[in-house]
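Here are my notes on this one, written as I went through it. Have the structure open while you read, and tell me where you disagree.

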Amino acid sequence: MHFITFVNNLLLLFFTLGLVILSASGPPLRFLDPRRFYWTLQVAGFAGEDQLGQALEGSDVVIIPAGVPRKPGMTRDDLFNINAGIVKSLCTAIAKYCPNALVNMISNPVNSTVPIAAEVFKKAGTYDEKRLFGVTTLDVVRAKTFYAGKAKVNVSDVIVPVVGGHAGITILPLLSQATPKANLSDEEIVALTKRTQDGGTEVVEAKAGKGSATLSMAYAGAIFADACLKGLNGVPDVVECSFVQSNVTELPFFASKVRLGKNGVEEVLGLGPLSDYEKKGLEALLPELKSSIEKGIKFANSN
């Protein structure tokens, strides 16, 4: 049996429909399911810091979407001062009550909150780089959707790796590796890349201050959580993109394809062949991603 704890904001999951509904606020919820929570589901709710330990204790997977959403004109980095403190306190509790859990970090800015979590776990002596994930699946969902529209193929048949980070130009869809292959022009590739990078901003502006990409993020979070549970249950060849500790570049964290297994990360996969356009994109994203990572580490060690 696996225990899955959602810290803040998550109301209900319908994985068989691929739908996740988020509430604006709410207590942590725990989902208990002997078969990857597909058919039989038990839910227990907890409220307040005094029940946080009870919510977390014994969890195999902890998903953190807690924090404030973006509003028009805000970048993910604008959320840092609020969400960084929330993430730090929750990770302190995770280290105490479920140090062996897989942690799925959704709270933005992911490029900084994942390093914050790592530093908290290091200080507690519980850090395992195989068990900490920045959830970048929404970037993959967007890239697949936009690519399928241009290529005129079924989105369920599409694979598009997305590497780098989870904000702006740090998001790099590798459209040269997309399948099924499509004969896209250079202009179409640039436009698809830009729209994938700006997908979150597009939604924030469309909702005009009434929220951010909640439903699509919930859907993406459900996909990644399910992948983690498949790995824990020994399903072979489970591969998803995620922002993890990595040697793929000179940076300590980087999003790329990751093979999941019973211990979390089984293998961090390389980038594969890149087009000239993607090589330039990779070169351009590294300084910004480095700055975001360092910002998270500095916060964790000075607060």
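Helices and strands here are DSSP runs, at least four residues for a helix and at least two for a strand, numbered from the N terminus. Bear in mind that this is a predicted model.

1. The overall picture. The protein chain comes to eight helices and 13 strands. Of its 303 residues, 51% count as buried. Take the contacts between residues at least 6 apart in sequence: 65% of them join residues at least 24 apart.

2. Two prolines to check. Proline 180 sits in the loop between strand S10 (171-173) and helix H5 (186-197), and the peptide bond joining threonine 179 to proline 180 is cis, with omega at about -5°. The other case is the bond between asparagine 108 and proline 109, again cis, with omega about 0°. Proline 109 belongs to the loop between S7 and H3, which takes us to the helix I spent my time on.

3. Helix H3, its length and its end. How far apart are the end C-alpha atoms of H3? They are 21 Å apart, and since 15 residues (110-124) at 1.5 Å a residue should span 21 Å, the model agrees with expectation. After H3 comes glycine 125, with a positive phi near 75°.

4. H3 is well wrapped. Twelve of its 15 residues are buried, so H3 is largely enclosed by the rest of the structure. The buried set runs from Val110 to Phe121, and polar or charged names such as Asn111, Ser112, Thr113 and Glu119 are among them. What does the covering? The elements include helix H2 (80-97) and helix H8 (276-302), along with strands S7 (102-105), S8 (132-134), S11 (238-245) and S12 (253-261).

5. The main core. The largest nonpolar core has 43 residues, and Ile64 and Phe121 have the most contacts inside it. Two or more residues each come from helix H1 (52-56), strand S6 (61-64), H2, S7, H3, S12 and H8. H2 gives the most, with eight residues. In soluble globular proteins, nonpolar side chains tend to be buried together. Phenylalanine 121 is worth clicking on: leaving out residues up to four places away in sequence, it touches Cys91, Ile94, Ala95, Val103, Thr126, Tyr127 and Leu132. There is also a second, separate core of 22 residues, including Leu138, Val141, Ala225 and Ala227.

6. H3 against H8. The axes of these two helices come within 7 Å and cross at roughly 35°, and the crossing is right-handed. On the H3 side, the residues that meet H8 are Asn111, Ser112, Pro115, Ile116, Glu119 and Lys123. Their partners in H8 are Leu289, Ser292, Ile293, Lys295, Gly296, Ile297, Phe299, Ala300 and Asn301. By class, this contact has seven nonpolar, five polar and three charged residues.

7. Leucine 289, from that contact. Is this H8 residue buried or exposed? At 0% relative accessibility, leucine 289 counts as buried. Setting aside neighbours within four places in sequence, leucine 289 is in contact with Asn111, Gly164, Gly165, Thr170, Phe243, Leu251, Phe253 and Phe254. Its C-alpha atom is 9.6 Å from that of isoleucine 171, although the two are 118 residues apart along the chain.

8. Positive phi without a glycine. Lysine 152 has a phi of about 60° and lies in the loop between helix H4 (137-151) and strand S9 (162-164). Its relative accessibility is 75%, so lysine 152 counts as exposed. Aspartate 237 is the other one to look at, with a positive phi of about 55°. You'll find aspartate 237 in the loop between helix H7 (214-232) and S11. Aspartate 237 is exposed because its relative accessible area is 62%, where the cut-off is over 50%.

9. Helix H7, while you are there. Its 19 residues at 1.5 Å each should span 27 Å, and the end C-alpha atoms are 27 Å apart, which agrees. Just after H7, glycine 234 takes a positive phi of about 85°.

Notes:
Residues numbered from 1 in each chain as written. Predicted model: local features only at pLDDT ≥ 70, side-chain atom pairs only at ≥ 80, totals over all residues. Heavy atoms only, no water. Expected span 1.5 Å × (residues − 1). Buried < 20%, exposed > 50% of the residue type's maximum accessible area, 1.4 Å probe, protein only. Contact = heavy atoms within 4.5 Å. Core = buried A, V, L, I, M, F, W, Y, C linked by side-chain atoms within 4.5 Å. Axes fitted to C-alpha atoms, helices over the stretch in contact; angles between N-to-C directions. Left-handed = near helix turned anticlockwise from the far one by under 90°. Nonpolar A, V, L, I, M, F, W, Y, C, P; charged D, E, K, R; others polar.
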